Amino acid sequence: SFLNDDNNDDDETKDDKGNLKLTGPISLPNFGRFRKDTNIEHLAGQARIPPIVLPVQLSLVKNEIKTFHELAIAMRHCVHSCTLLANQSHLIKNTFALRASLIQHLFLEVCPIPLPCDYPADRLKNDWWNQQSEDNNDTNMPTPNTSSMRYETQSDLLHLLSLLTQHYTAVACSLTVTRSFDAIRLCTLAAIAAITDKVMRVVACDIPSQFSLHYSGQAEGPISPFCFDASQFATESEFSRFHDPNLAVVRTRLLDYFIARKKVTKSDHILFQFEKSMSLSSGDVQLLTQVSLQMGFNRQPENLARYLSGEDRSLTDLYPELAYFRDIVFLFKAMMCPSSASLPDLKAWSPLKAKLYWKFNEKKECYEVSGFDEKVLKCCAYANVSAPASTTDSTPTADEDDDNDDGNGGSGGGKKKKTWGVSALYNALGFGGEYPRAPPSGADPSVLTGTKITSEDDVLHVRHLPDFEGRLNGRQSELLLQYLTAPYLRIPLVLRLLSDESRVRALSGTELQGVLDSVIFEPGSWQHPPSVFGEPY
């Protein structure tokens, strides 16, 4: 139509003879040879097959369980759901958060937390775990009935607990850590470890596992029960934020269970002391020796070390619960390491990467544990950090470790008090070369001032007090820092200080909001309840 347009009489578009000028690519000679009027449909290839999104029914995990069989079903559904979410992470959004929430719901709300073994008999009768068998004192073998646990159920439960621990550890290392999430993941792993310990102590009604009998102290002969030490959980969780009151109750029940087990266990019957040393402990040697003697295995020290690592599969093939139990306790303690350098890097991990591989180094006489792309994992960092003991209860110390010190925990002889909270604080303030596992506490005066503060007198020597974005003057800031050094009492003191009409507007600042949030929701140091039950505590 352009060529035949009568109105297009512009002389610039015509030559001297009145012919139309051709401009652009069409003015080139032989331009038509670039055209290929051939069929190119065969070059398209086959259409991309759309991915199939498999449905994930999270509601299969019931909100209440009544028997051991229902407990196994709930764990099996949880494993299947987590596997589907992990394999479809590129198709379904927020799969890591969904898996974390599902496992947390199962162990913190659905699965019952076992009661401490030092509770009175009338209270232990109401324990869900003791109600599942006819024998409630946990000293004799129960007779077979419909609610007792068979060995196949016990082995299946321990296998599922190991799989769920791998899933949750991979998810916990893939999500950004906050103080509230750090509290939840520590409580979740502690609940898994406590339930694993309780399942290990259940005597099967058909053919009991010899490893379970010796661990619970119910095998024939003059033996005593074993346990693993989880007392460091009290210190590592005291600065975590428990916004959910039910989570704070779960933490207390877990600590009651762990401390009660340790109180009734001999000191040389403590297993898996990975927080002190990666060597074979006396408790490990004692248990492996008893089981080896029971089953006729070689009881030489080098054989015992290889039994635990699984390099000699004679024992782990016969009793796979040993490997499950070992991995669960190690991951539980490894996730409590105060230094993030000992933890896996923050990235999207698959559950298979969380599987642990054990090797016994005969030269160093210690175990080397690898996982997460062959990274050598350590869970003894907090036992190797030595710091001066605090003069207040706000920074309680860990159990003293003089026998297993590898020489990196300071100098000098005598007893050393090792504080995990102080070690994390030193790293947060820049005195160490590693970052802490979680963000520092917002109610720690040392973090707020950048100077170590353990008492009210230390506040008087601080040269530059924080003004919290100009919302508090020097006197008010000094009072606030002094209140923060008093555990428990700081809650009413800080609330009274900030609730005054002249200072309530200071809470519009995010920094003071974080301080108040930490004061209210951080549990602080934990104390074992009195031996006389019935008294309020």
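User: Which residues does Tyr215 touch, leaving out those up to four places away in sequence?

Analyst: Tyr215 touches Asp197, Met200, Arg201, Pro225, Phe226, Cys227, Phe228, Leu271, Leu287 and Phe325. A contact means heavy atoms within 4.5 Å. The model is predicted, with local features needing pLDDT of at least 70 and side-chain atom pairs counting only at pLDDT 80 or more, while totals for chains, interfaces and linings use all residues. Residues are numbered from 1 along each chain as its sequence is written, and side-chain values use heavy atoms, with hydrogens and water left out.

User: How far apart are Tyr215 and Asp197 in sequence and in space?

Analyst: They are 18 residues apart in sequence, and their C-alpha atoms are 9.5 Å apart.

User: What makes Tyr215 and Phe325 an aromatic pair, and why is it called edge-to-face?

Analyst: Rings of Phe, Tyr and Trp (its six-membered ring) pair if their centres lie within 6.5 Å; planes under 30 degrees apart are stacked, over 60 edge-to-face, and the rest tilted. Here the centres are 5.2 Å apart and the planes meet at 80°, so the pair passes the distance limit and falls in the edge-to-face class. Tyr215 is in helix α7 (residues 210-216) and Phe325 in helix α13 (residues 321-334), so that the pair links parts of the chain 110 residues apart. A search of the whole structure finds 18 aromatic pairs.

User: Are Tyr215 and Phe325 buried or exposed?

Analyst: Buried means under 20% relative accessible area, exposed over 50%, and partly exposed in between, with a 1.4 Å probe and protein chains only. Tyr215 has 0% and Phe325 has 1%, so both count as buried.

User: What is counted as a helix or a strand, and how many are there?

Analyst: Helices (H or I, at least four residues) and strands (E, at least two) are DSSP runs, numbered from the N terminus. The chain has 19 helices and 5 strands. Of its 537 residues, 48% count as buried.

User: How do you know that the length of helix α1 agrees with its number of residues?

Analyst: The expected span is 1.5 Å times one less than the number of residues. For the 20 residues of α1 (residues 68-87) that gives 28 Å, and the end C-alpha atoms are 29 Å apart, so the two agree. For the 23 residues of α6 (residues 179-201) the expected span is 33 Å and the ends are 33 Å apart, which agrees as well.

User: What do the buried residues of α1 pack against?

Analyst: They pack against α2 (95-110), α4 (128-131), α5 (151-172) and α6. Among these buried residues are Phe68, Leu71, Met75, Cys78, Val79, Cys82 and Leu85. His167 is found in helix α5, and it touches Val79, Cys82, Thr83, Ile103 and Pro351, not counting residues up to four places away in sequence. At 6% relative accessible area, His167 is itself buried.

User: Why is α6 called mostly covered?

Analyst: Of its 23 residues, 21 are buried. Helix α6 also gives the most to the largest nonpolar core, with 13 residues.

User: What makes a set of residues a nonpolar core, and how many residues has the largest?

Analyst: A nonpolar core is a set of buried Ala, Val, Leu, Ile, Met, Phe, Trp, Tyr and Cys residues joined through side-chain atoms within 4.5 Å. The largest has 101 residues, and those with the most contacts inside it are Met75, Leu106, Phe107 and Phe330. Apart from it lies another core of 19 residues, including Val459, Leu472, Leu480 and Val515. Beyond its neighbours within four places in sequence, Phe330 is in contact with Phe274, Met278, Leu356, Trp358, Val369, Leu377 and Cys379.

User: Why is the charged end of Lys347 said to sit over the ring of Trp349?

Analyst: A charge sits over a ring if NZ of Lys or CZ of Arg is within 6 Å of the ring centre and within 35 degrees of the ring normal. Lys347 is 4.6 Å from the centre of the Trp349 ring, and Arg99 lies over the face of Phe96 at 4.4 Å from the ring centre.

User: What makes the phi of Phe272 and of Phe372 worth a remark?

Analyst: Most residues other than glycine have a negative phi. Phe272 has a positive phi of about 50°, and Phe372 has a positive phi of about 55°. Phe272 is in the loop between β2 (270-271) and α10 (282-295), and Phe372 in the loop between β4 (366-371) and β5 (375-376). With 2% relative accessibility for Phe272 and 3% for Phe372, both count as buried.
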